[in-house]
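Student: Please pick one part of this model and take me through it closely. I'd like to hear how the pieces around it fit together.

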Amino acid sequence: MPRPRVRPEERQRSERACAACKASKIRCDSQIPCEACVRRKRSQYCVYTHFDRRRHRHRQENRPRRIQPPESTSSAESHNGTVDYNDPTANVSPQLPGNDLMSPPLVPDVNIAASLPDQVQRSSEVRACRPAETTPTARGDTGEPASFSFLHFLRKTLRPFVGSTSFTDGDHDGAFPGVDLVPIVDNVYDTSPETLRNLLNFYLQATQGLFDLFSDEEMDRLLTTRSASSRHESGVDEDLAALDVALAIGAQTHPDYQSNPQIATSFMLRAKQVAFEGMLANPSTKLVRLFLLLAFFMLGASHRNAASMYMGIAARAAIIGGLHQEKSYQWLSESEGDARMRIWNSLRILDVLAGFIIGRPQHIPEVWHRNPPESSVIAFGAILEGCQLLENTVRTLRSGNVLHVPTAEGLLKGLRGWIQGLPDAARNFAYSPGVALDPEKRRTLVGNIHISCVYYFAVMLITRPFLIAYLVSRLRGRAPDHLIVDPEEATDVRIKNHEVSKLAQVCVGSVVYLTEMLQRLQKLGFAYGNLCLLQSWIFGSGLVLGFSKFAGEPREDIDNGFEASLSLLKDMAESSPQAKFYHHVLQSFSETVMRYRQRVAREVQNTVQDYMEHVLVIETSQTDAQLENNMASLFDLTEFESQLDTEDLDFELNQFEKFFYTVE
């Protein structure tokens, strides 16, 4: 006889159960932690996998399968279950540990090859089998190397280990913040020539190495025209509108931007009226420059969708005008050809960086280009070459060589050759603390910072998949031995020298070097202001360092680098809502890391208490800090240090060579 139906309000069976209760097949009360786990002293393992048993069959049928060619399976994996990391077709996903007492049980099965963020997807075949919930659609992280794709991956990966936190549940924190475009200030053109020149200097600083859109003669001519006129004159509307956007960018990156944001918005809105007056009926080189500047302004205002649309208009106008074709330059004068080429190269740089950093698709193809004119600054030519290498890097990673060690080493070698070929002026800068930099030196410094960040970002993209593979394996209790090809090589010394481990450390080293460089400038008194691309680089570095803190071994340089990224974004948040949002995300990440470490510490403490007891507890009225001060006062090393001959001491540091921008 079947049992009677139970009304929903009287049902005592919970709708979900934690992973531990599911495995033990006992009743769970759906609490965090549940009563069963508390009673069995396993609160740290009480996690919920959001698994619906009623849809088990459906999910099994639609689960993404690991792409593994049959002909390469035998060569990629041997009978002992080890992986050849030199084989690009090898399956690098670590399996769940069996009955290993040192590994946490019931950890959800996270397939590294299938769970890698969008920036390291191997091929269209792998992307086609990605589950719908991980497909980047409305979130806007369509660019594979974008930091937001990595952020989404981290949230999904860490949620089973820490449960619901402000970081793991961050997908519900709303849309990306943007600056409100306030109404126009009517007297904006009554600004003095000195103020206009100052704003133009800040524009040149913010775009140093990224744009080369105006010659010196053109800037002087346009400034003179703008100072003498309160409205646009016939025949030079688009030129003056481009200058207005440049002035808006200068006001946007000015230290006093938050106190008077109307000036920047007023210049931009006036220029936008000119841009759309003809309804884009006559695309020209001037129109390309105007919309390129509008796109950059929108990036600084945290309106990424608008910036992407303006970039699309600039790209289509450039292609219609033939800026990408060599034959279109044959009948032009040298000055006209140089102007067109500078605009085209500026468009290429922003298209690459905006696409790979903030997560927007590129608008122009990889087409013919030539070296920038000799009049361009060093940073502009260097970053143009770096963007070409960055494009090659992402294209290679997308072709299926994400975890192929020889491919990664070859890409790193190419980047290293690019940096070694730079002049000394691009890699060293003499900074005197307390001395204000003149506009020219500040432009040079910002340009060199942009070069360094492009290099470190490219290194991070190449090596981040190896760091993900290594750290996810550690989280699942199988690192580092699981990453060793030959089990007989599983010794401490050889583990550190293994290719996968080394490339993972290179990823960490790149972001540590970046944050170290930027924090040193911050301590010297350099004010960054609202540099939108720099904020994205710092945010991406903070995510890598936070993941390393969460899953890796405790390291002082990683902790310091993560704190540096928080400090940098906190200062930038005063003039940028984008930086404020980035700082909020990293701050919640830091709290999640602390929560996980406390959980691990409780687990260790509970394990010890099961086998031993405290014998003698020392009680004192003094705190630990007071005891440390008392101990320090007992030892006065001043006299001892004076007797040392420091010239006889020779300290040598064996570390990776730093190919980055140094500040003296």
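Tutor: Let's agree on some words first: buried means under 20% relative accessible area, exposed means over 50%, and partly exposed is whatever falls in between. Keep in mind, too, that this is a predicted model. With those cut-offs, Asp256 counts as partly exposed because its relative accessible area is 49%. You'll find Asp256 in the loop between α10 (237-252) and α11 (262-275). Ser575 is 319 residues away along the chain, yet the C-alpha atoms of the two residues are separated by 8.1 Å.

Now for the part I'd like to dwell on, helix α17, which runs over residues 439-475. Is α17 mostly covered or open? Mostly covered: of its 37 residues, 32 are buried. At its N-terminal end, Asp438 acts as the cap, placing a side-chain oxygen 3.1 Å from the backbone nitrogen of Glu440. Further along, the helix bends by about 45 degrees at Thr463, and Pro465 follows within four residues. Just past the end of α17 comes Gly477, whose phi is positive, at about 75 degrees.

The helix also has a share in some empty space. Rolling a probe the size of a water molecule over the atoms shows where such space is left. Across the whole structure, a search turns up six cavities of 30 Å³ or more. The largest of them holds about 80 Å³ of space. Its lining is made of Phe202, Gln205, Ala206, Thr253, His254, Pro255, Arg442, Val446, Ala527, Tyr528, Gly529 and Leu531. Two elements give two or more residues to this lining, namely α8 (193-206) and α17. Of the elements, α8 gives the most, with three residues. By type, the lining of the largest cavity splits into seven nonpolar residues, four polar and one charged. Domain 2 (147-174 + 403-482 + 491-609 + 649-663) and domain 3 (192-376) each supply at least three of these lining residues.

For a bit of contrast, look at the second largest cavity, with about 60 Å³ of space. It has 11 lining residues, and the closest to its centre are Ser308, Met311, Ala354, Arg360 and His363. Here the elements giving two or more residues are α13 (304-320) and α14 (334-357). The lining of the second largest cavity comes out as six nonpolar residues, three polar and two charged.

One last stop, back on backbone angles. Most residues other than glycine have a negative phi. Lys25 has a positive one, near 60 degrees, and Ser30 has a positive phi as well, near 65 degrees. Lys25 is found in the loop between α1 (19-24) and α2 (35-39), and Ser30 also has its place in the loop between α1 and α2. How do their surroundings compare, buried or exposed? Lys25 is exposed because its relative accessible area is 77%. Ser30 is buried, since its relative accessible area is 16%.

Notes:
Residues are numbered from 1 along each chain as its sequence is written. This is a predicted model: local features need pLDDT of at least 70, side-chain atom pairs count only at pLDDT 80 or more; totals for chains, interfaces and linings use all residues. Side-chain values use heavy atoms; hydrogens and water are left out. The bend at a residue is the angle between axes fitted to the seven residues ending there and the seven starting there. Buried means under 20% relative accessible area, exposed over 50%, partly exposed in between (1.4 Å probe, protein chains only). A polar contact is a pair of N or O atoms within 3.5 Å; within protein, one must be able to donate a hydrogen and the other to accept it, and residues adjacent in sequence count only if both atoms are side-chain atoms. On a 1 Å grid over the protein atoms alone, a cavity is a set of points where a 1.4 Å probe fits but cannot get out, and a pocket is an open set with protein on both sides within 12 Å along at least five of seven lines; lining residues have an atom within 4 Å of a point. Grid points are joined across faces, edges and corners, and a volume is the space filled by probe spheres set on the points. Ala, Val, Leu, Ile, Met, Phe, Trp, Tyr, Cys and Pro count as nonpolar, Asp, Glu, Lys and Arg as charged, and the others, Gly among them, as polar. Domain bounds come from an automatic or database domain assignment.
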